[in-house]
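Please walk through the fold of this protein chain, starting from its sheet and moving on to its helices and loops.

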Amino acid sequence: AYAIYLIDTLGGRELVYRDPAMSCFNPIPLVPRPTPPVVPSFLPADAPPTGQVYVQDVRRSNQQIPDEVVALRVVRIYPQPVQRVPDRGQVLFEVSKGIEGLAPVAPDGSVAFTAPAGQPLLFQLVDKNGQAVMAMRSFVYLHPGEVMACAGCHEPRRAAPGLATSPPRHHYPELTPPPGPRYPGGLSFPRTVQPVLDRHCIACHGLAEKPAGGISLLGTLDAAPVRLGNPRTSTAYKALTQPEGLAVVAHRNQETVLSRPGDYGSRPSRLAQMLRKGHGGRVTLPPEDFRRIAQWLDLNGPFYGDYSWNKPEWRRIVPEAEARLRAALAERFGPTVANQPFAALVNAADPAQSRALLAGLAVEAGGWGQLSPLFPERDAPWQHLRDLVEATLAPLPAHDLAGTCQQTPCECHACWIPPAEAEFQARRMERPNR
């Protein structure tokens with residue numbers, strides 16, 4: 001516990017103040033001071049919760065930006081809410097990031113868009129395949145109603161902007177949402193990438209008696225306890241991140257000094273290169289599904305998209321409900337499907353994306369059209385199957401509160417915050433004028 005001392009040049013110390021319940025530091029003298037002037041805000045009173053960004057020429061840079069850049073990707077950073085959180089993936093102490101959307105780059109290199117205000121944002125330049133060419137390693141904020149402009153992407157610091165006119169306010173379009181499902185928080189491997197693997201890959205890499213190449217891409221979760229250095233990921237995640245060069249990510253305190261085109265992310269990763277070439281003629285991913293894998297690589301290959309100690313992926317399987325689901329699958333699709341591994345049937349992170357629901361649903365209804373007989377639409381029988389899928393996962397015993405785990409014993413080291421805040425607010429209500 002820190003206390004406040006008066007220290008002289010000879011090393012003498014005199015205790016000024018010590019609080020037995022909390023540390024004390026950075027004392028500020030309580031003396032009369034003149035009231036500082038109130039500076040009026042330059043933002044409109046009815047400003048929306050968004051700001052606008054204008055980049056004069058994304059190719060004006062210290063680096064050689066390739067001509068194939070077609071869009072700017074806006075990435076949101078999610079701050080860590082409490083002191084202790086589980087690892088998000090193979091990169092220790094990585095922050096959670098999610099994609100807000102993309103803005104097209106004009107032929108002259110300019111780009112203008114509307115983005116959320118009050119959130120830390122970083123930008124990535126992407127090519128026609130949805131792969132990041134170069135990415136920021138810092139971040140920016142927008143105030144509500146603010147228009148922020150820059151000359152380029154990593155442009156020379158001493159260079160002045162060229163002669164150009166910023167677009168009118170109504171020429172800052174909304175961002176185009178990224179491919180894949182939308183959900184709260186940052187990008188999640190089980191929600192964004194695993195459904196792509198379930199649809200296109202596990203027939204060879206997981207469901208076969210001997211997985212091709214000895215590689216299983218099933219979403220089976222590691223049963224080991226959560227600890228630093230063991231983020232408790234899945235079989236598929238380990239298979240795609242542990243081989244050297246398959247997924248090229250920037251590790252904490254090991255990354256290069258400067259951001260350069262193609263240094264990390266999907267472009268230098270062998271996984272993306274292999275998929276773009278069709279995996280030796282074995283599979284051709286639809287562009288949207290390839291982009292889902294590319295954006296996961298470009299966001300540094302996370303597994304979890306949040307900091308929670310109460311993750312849906314950690315829900316336990318209800319044996320009786322699992323038996324009912326398998327019986328229904330056997331009746332409709334046969335015993336081969338019904339007897340497949342649970343992770344091949346149910347996506348614990350997002351049951352709506354479970355293979356048991358989408359593989360037997362017609363493409364026109366948003367499914368994959370892989371099993372027979374197909375559900376032609378999301379009708380009552382399909383809804384019943386969805387209820388069976390959701391029932392296989394037990395509810396979580398605890399739920400986050402203000403970012404704290406609310407578990408017993410506490411894992412986040414911050415569960416004292418919500419009751420302390422409630423007590424503080426109660427005291428304020430008792431003494432409104434103090």
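Strand 7 is covered on both faces: L121, F123, L125 and D127 on one side are buried, and so are L122, Q124 and V126 on the other. Buried stands for under 20% relative accessible area, exposed for over 50% and partly exposed for the range in between, with a 1.4 Å probe and protein chains only. Strand 7 spans residues 121-127, and 7 of its 7 residues are buried, so it is largely enclosed by the rest of the structure. Strands here are DSSP runs of E with at least two residues, helices are runs of H or I with at least four, and both are numbered from the N terminus. The model is predicted: local features need pLDDT of at least 70, side-chain atom pairs count only at pLDDT 80 or more, and totals for chains, interfaces and linings use all residues. Residues are numbered from 1 along each chain as its sequence is written, and side-chain values use heavy atoms, with hydrogens and water left out.

Strand 7 belongs to an open sheet of 4 strands, in the order 5-4-7-8, with antiparallel pairing. Strand 5 (96-104) and strand 8 stand at the edges with a single partner strand each, so one side of each has no neighbour in the sheet. From one strand to the next, the twist averages 30°. Two strands count as paired if DSSP finds at least two bridges between them.

The individual pairings can be followed across the sheet. Strand 4 (residues 69-78) and strand 5 run antiparallel and are joined by 8 bridges; the bridge partner of A71 in strand 5 is P104. Strand 4 also pairs with strand 7 in the antiparallel sense, over 7 bridges, and R73 stands opposite Q124 of strand 7. On to strand 8 (residues 132-135), strand 7 has 3 bridges, again antiparallel, and L125 has M134 in strand 8 as its bridge partner. The hairpin of strand 7 and strand 8 has 4 residues between the strands, and G130 in this hairpin takes a positive phi near 80°.

Which helices pack against each other, and at what angle? Helix 6 (residues 319-333) and helix 10 (residues 380-391) pack at about 150°, with axes 8 Å apart. That makes helix 6 roughly antiparallel to helix 10. Axes are lines fitted to C-alpha atoms, for helices over the stretch in contact, and angles run from 0 to 180 degrees between N-to-C directions; under 35 degrees counts as roughly parallel, over 145 as roughly antiparallel, 65 to 115 as roughly perpendicular and the rest as oblique. Across the contact (heavy atoms within 4.5 Å), A321, R324, L325, A328 and L329 of helix 6 meet L385, L388, V389 and A391 of helix 10.

The loops hold several backbone features. P373, in the loop between helix 9 (355-358) and helix 10, follows a cis peptide bond from S372, with omega near 0°. The bond from T408 to P409 is also cis, with omega near -5°, and P409 is placed in the loop between helix 10 and helix 11. H154 is not a glycine, yet its phi is positive, near 60°. H154 is found in the loop between strand 9 (147-150) and helix 1 (189-192), and is partly exposed, with a relative accessible area of 33%. H279 likewise has a positive phi, of about 55°, and lies in the loop between helix 4 (270-276) and helix 5 (287-298).
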